[in-house]
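Visitor: I'd like to learn how to read a structure like this one, feature by feature. Could you walk me through it?

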Amino acid sequence: MKDRTLLMIPGPIEFEPEVLSALGAPTASHVDPEFIEAFGKSLERMREVWLSPAGQPFVIAGSGTLAMDIPAANLIEPGDNALVLSTGYFGDRYAEILARYGAKVTTVSAEPGGMVDFDRIEAELKKGSFKLLTFTHVDTSTAVRVEPETIGKLGKKYGVLTILDGVCSVAGEEIRQDEWGIDVVLTASQKAVGVPPGLALLVAGTKAIETWKSRKTPVLNYYGDWKNWLPIMEAYESRKPSYFATPPVNLIFALNVSLGHIISEGMAARFARHKKIGQACHAAIQALGLDMVPKDIRFAASTLSAPRYPNGVNGPDLLPKIKSAGVVLAGGLHSAIKNEYFRIGHMGAIKAGDVLAAVGAIEIGLSACGYQFEKGAGVAAAQRIFLS
Ligand code: PMP
């Protein structure tokens with residue numbers, strides 16, 4: 001039998017065949033008219049996917065960490081105050097990045113699986129000295145989702161720039177960048193955007209760009225400096241050739257294809273599909289008698305789930321058994337609870353059948369580990385959501 005598996009980790013995800021063919025096509029020149037058109041179109045399409053008609057999109061070769069690094073490099077000047085809302089591993093990473101550019105960082109952290117304390121955040125903001133705040137929409141290490149609308153309002157109220165790390169949420173969870181007043185929304189290609197790893201993607205609002213333009217000190221990162229990239233993005237969008245650093249031609253062709261798929265699905269329909277898939281996964285996990293890392297279902301993400309291992313079951317035993325049943329899942333990531341849970345990614349072009357396959361494989365794995373549960377209960381619970 002062919003060694004075929006279904007990849008359901010929280011990125012990279014399964015990609016659409018048409019996206020993969022764009023990647024495998026002969027590479028064009030970066031000044032070829034067809035490539036210029038694909039790049040320009042991708043930038044326009046990003047505005048639609050981000051729901052940010054007024055924003056400035058950037059497409060730069062790199063991973064999600066570069067997409068976090070770039071706004072930090074461009075907006076922070078040494079000595080600025082930054083507030084980090086941390087709901088896990090990636091929130092903590094943002095604090096490190098900001099500190100590297102000389103920011104004085106205050107971090108408001110949640111316990112693993114918990115929500116950040118909004119009273120404490122507001123109390124910090126009232127002190128009045130923060131230039132920006134960052135938050136992780138869905139922290140991939142905990143599957144906790146923070147509501148961007150609330151943060152956007154707080155940012156506006158206190159005149160603080162807001163940066164949303166949407167690496168595990170953009171094009172899956174609902175984000176309305178302009179309406180909700182989020183100044184920068186960033187992601188990477190390999191998650192719900194549906195393109196293999198290699199692209200750092202972000203949209204910066206007018207206030208972020210103005211803040212960068214009024215800097216008094218140079219940007220301390222040569223590659224990431226918007227001074228190098230803004231003219232490139234503007235040139236491609238007006239369908240003119242340009243060069244600062246060689247763009248990843250095939251990945252950008254693939255991005256244009258995937259963004260086209262996302263837009264033809266429609267953003268409202270896409271958010272609703274992810275929500276339903278999330279609900280189906282959560283229902284299955286509960287029906288199997290497993291706890292989840294998020295302490296409250298109301299802030300459990302729609303793009304990934306983080307079930308805790310039941311007593312007597314551990315990752316090195318369970319995950320290979322699930323893989324033998326055909327589905328690749330991920331282990332834990334948050335250092336405080338790393339060995340206590342596993343992660344199921346369910347974003348992008350995922351369908352109900354993929355979720356049912358994953359839950360079925362989890363049941364096979366749990367059963368082979370000797371865990372006692374009502375056989376078929378997880379699959380039935382997920383199916384009930386899909387049929388409702
Ligand atoms: N932020 C979040 C929320 C993520 O999930 C990830 C990747 N898992 C990153 C940032 C970093 O992205 P990358 O691994 O592509 O550098």
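Guide: Happy to. Keep in mind that this is a predicted model. Let's start with Arg-145, which sits in strand 7 (residues 144-145).

Visitor: Is Arg-145 buried or exposed?

Guide: The general idea is to look at relative accessible area, where buried means under 20%. Arg-145 has a value of 14%, so it counts as buried.

Visitor: Which residues does Arg-145 touch, leaving out those up to four places away in sequence?

Guide: Among them are Met-115, His-137, Val-138 and Glu-173. The run from Arg-298 through Phe-299, Ala-300 and Ala-301 to Ser-302 is on the list as well.

Visitor: And what does the side chain of Arg-145 make a polar contact with?

Guide: For this we look at pairs of N or O atoms. The side chain of Ser-302 is one partner, at 3.4 Å. A polar atom of the Arg-145 side chain also lies 3.4 Å from the backbone oxygen of Arg-298.

Visitor: Let's move to strands. How many residues of strand 9 are buried?

Guide: Here you check each face in turn. In strand 9 (residues 184-188), five of five residues are buried. Val-184, Leu-186 and Ala-188 are on one side, with Val-185 and Thr-187 on the other, and both faces are covered.

Visitor: Which strands are joined to strand 9 by bridges?

Guide: For pairing, read off the bridges and the direction. Strand 8 (residues 161-165) runs parallel to strand 9, with three bridges between them. Strand 10 (residues 199-204) runs antiparallel to strand 9, and five bridges join that pair. Leu-186 is a handy residue to follow: Asp-165 stands opposite it, and its bridge partner in strand 10 is Leu-202.

Visitor: Now the ligand. Which residues are around it?

Guide: With a ligand, list the shell and then sort it by character. Asp-165 turns up again here, and so does Val-138; others in the shell include Ser-63, Gly-64, Phe-90 and Lys-191. By type, the shell divides into four nonpolar, six polar and two charged residues. Helix 3 (residues 64-75) gives the most, with three residues.

Visitor: Which side chains have a polar atom at a short listed distance from a ligand oxygen?

Guide: A polar side-chain atom of Thr-140 lies 2.3 Å from a ligand oxygen, and one of Thr-65 lies 2.5 Å from a ligand oxygen. For Gln-190, an N or O atom of the side chain is 2.8 Å from an oxygen of the ligand. As for cover, the ligand has 390 Å² of accessible area on its own, and the protein covers 86% of that.

Key:
Residues are numbered from 1 along each chain as its sequence is written. This is a predicted model: local features need pLDDT of at least 70, side-chain atom pairs count only at pLDDT 80 or more; totals for chains, interfaces and linings use all residues. Side-chain values use heavy atoms; hydrogens and water are left out. Helices (H or I, at least four residues) and strands (E, at least two) are DSSP runs, numbered from the N terminus. Buried means under 20% relative accessible area, exposed over 50%, partly exposed in between (1.4 Å probe, protein chains only). A polar contact is a pair of N or O atoms within 3.5 Å; within protein, one must be able to donate a hydrogen and the other to accept it, and residues adjacent in sequence count only if both atoms are side-chain atoms. Contact means heavy atoms within 4.5 Å. Two strands pair if DSSP finds at least two bridges between them. A residue is near a molecule or strand if one of its heavy atoms lies within 4 Å of it. Accessible areas come from the Shrake-Rupley method with a 1.4 Å probe; for residues, only the protein chains shown count as cover. Ala, Val, Leu, Ile, Met, Phe, Trp, Tyr, Cys and Pro count as nonpolar, Asp, Glu, Lys and Arg as charged, and the others, Gly among them, as polar.
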